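Work through the exercises below with the sequence and the 3D view side by side, and try each task before reading its solution.

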Amino acid sequence: MVARVIPVDPFDLVIFGATGDLALRKILPALFKRFCRGGFPSGARIIGAARSELEEGAFQEIVAKRLREDLGEQSVDPSNLKRFLSFLSYVALDGYGDLGWAQLTGLLSISAKDRVRVFYFSVGPKLFGPLAERLHQHGLPHGETRIVVEKPFGHDLSSAKELNRTLAGHFDEGQIYRIDHYLGKETVQNLMAVRFGNMLFEPLWNSQYVDHIQITVAESLGVAGREEYYDRSGAMRDMMQNHLMQLLCLIAMEPPAKFDPDAVRDEKLKVIRALDPVEPYHLVRGQYVAPANSPLDDQDYRNTVQNPRSTTESYVAFKAHISNWRWAGTPFYLRTGKRLKARSSVINVLFKDAPHSIFGEAAGRHANHLKIRLQPNEGITLSVTIKEPGPGGMRLIDVPLDMSFAEALGPEASDPPDAYERLIMDVVRGNQTLFMRGDEVEAAWAWTDPIIAGWEARGDVPKPYESGTAGPGDADVLMRRDRREWRGINP
Ligand code: NAP
């Protein structure tokens, strides 16, 4: 089955920060892939903007070089590339000054008045306010205007509120797209399809049948390249407050009345608001260290960030409870960390044991388990208990019913649209379902802030864990206290 490309109307997309890492590594490759899939309407325009003064055609050359390097020479068809580059133009522009604004205004004035106009703020958050102000000064926003803003959306509740106030001073909430690329993943949307499109799971999706849920986002890479930012943020702010909280919301939310942006976001917000504060003894912080007898290099957090006393966590795990009828009594265990043994993002829903085993003690304990893999190899596996084939009486084993998208849907499904590809097209279409609303972001910070404040007040020092392992031993203790264990972190 070939992934269907749903056409969009012609649009103008202005990328502020077009020469930066995010634009060159994620946004422009995603747009190129979309173009190659035939998802670009003729007449669409991508206008890069940054302060650097570039010669005519130099921006296109930079983009072409990065696409060839990152996607591989063989994956970049020269004629596709040439046509894609013809959609691109560049304006040297300063978000704080006057440079470039008249030129940008001139470029946009050529388009029809009702054409979708997207301004992607791929710049640091300090520039959001000045950019928004200048856009208005030059009369650039119109009815079909959307702005896209990147994480980090604030450093805490008060800075998030401040950012929201700044943007709200210039744009309606319906025009603001706060991107969290985890929400653009195929499996994340499939999670909603599996839950709300089938009768099979929803009746069991509650504390009566679900023993517990584990959400793991493990990364094998460290923080090299982002040292300064990361050492100010840590895993709680960088990953937990946004990506993992969003996954938790989608797993735990009530069925929305319809698949509509505000209906979905209202339900997600209710989950965050129903989260109990986390007890300190249900929290584990870790920091990676180089394995014994290895050089410190970038396998050692403090060495990488060049801060020998850093108490920033590169790992965090905790047990959370959602105080509502559906989930009272079912714990949610969340963990995320850097330099772990594999790159793996997985949600595990572990169902309770059957109430009574007719097969006796010898058959062992068996329980169904739904595994939702976000990366790598996106897919869903349901394990069911069957009889082990062969003689020797009734021995039971658990086998997977595997819904690997690649196997079920054919080879094209092994290359689903990249999260950025999907999300940018959703912006063009004006669909906010997979974007965070301002109140969601604030609620997530309101829940996260006291945890971080508690660490700071107690002078908490993260537990060391060796690079390449599953994280600090205390995270296993957290589980063992509840007679449970983490599922393995596998590539
Ligand atoms: P970056 O590599 O430092 O790029 C910043 C871009 O902004 C450059 O193109 C820079 O070009 C431009 N810029 C800086 N000051 C400007 C000004 N006054 N006016 C106009 N343009 C200006 O940063 P990045 O890594 O791409 O990150 C961009 C945003 O995305 C940040 O908020 C970051 O937190 C967020 N983010 C990044 C990633 C990632 O993987 N990189 C992931 C998630 C979120 P000039 O210097 O030529 O002006």
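**Exercise 1.** How many residues surround the ligand, and which are the closest?

*Solution.* Bear in mind that this is a predicted model. Counting the residues around the ligand gives 22, and the closest of these are Thr19, Asp21, Arg25, Arg51 and Ser52. Sorted by class, the shell consists of nine nonpolar, seven polar and six charged residues. Looking next at the helices, we find that helix α1, which spans residues 21-36, gives the most to this shell, with three residues.

**Exercise 2.** Find which polar atoms of aspartate 21, leucine 22 and lysine 151 face the ligand, and how far away they are.

*Solution.* Begin with aspartate 21, where an N or O atom of the side chain is 2.7 Å from a nitrogen atom of the ligand. For leucine 22 the partner is a polar backbone atom, which is 2.8 Å from an oxygen atom of the ligand. Lysine 151 likewise uses a polar backbone atom, with a distance of 3.4 Å to an oxygen atom of the ligand. As for cover, the ligand on its own has 880 Å² of accessible area, and the protein covers 73% of that.

**Exercise 3.** Decide whether asparagine 242 is buried or exposed, and list what it touches.

*Solution.* First locate asparagine 242 in helix α8, residues 227-252. Its relative accessibility is 6%, and because buried means under 20%, asparagine 242 counts as buried. Finally, leaving aside residues up to four places away in sequence, asparagine 242 touches Lys151, Asp180 and Arg237.

Definitions and conventions: Residues numbered from 1 in each chain as written. Predicted model: local features only at pLDDT ≥ 70, side-chain atom pairs only at ≥ 80, totals over all residues. Heavy atoms only, no water. Near = heavy atom within 4 Å. Polar contact = N/O pair within 3.5 Å; in protein donor to acceptor, adjacent residues only side chain to side chain. Areas by Shrake-Rupley, 256 points an atom, 1.4 Å probe, with all protein chains shown as cover. Helix = DSSP H or I, 4+ residues; strand = E, 2+ residues; numbered from the N terminus. Nonpolar A, V, L, I, M, F, W, Y, C, P; charged D, E, K, R; others polar. Buried < 20%, exposed > 50% of the residue type's maximum accessible area, 1.4 Å probe, protein only. Contact = heavy atoms within 4.5 Å.
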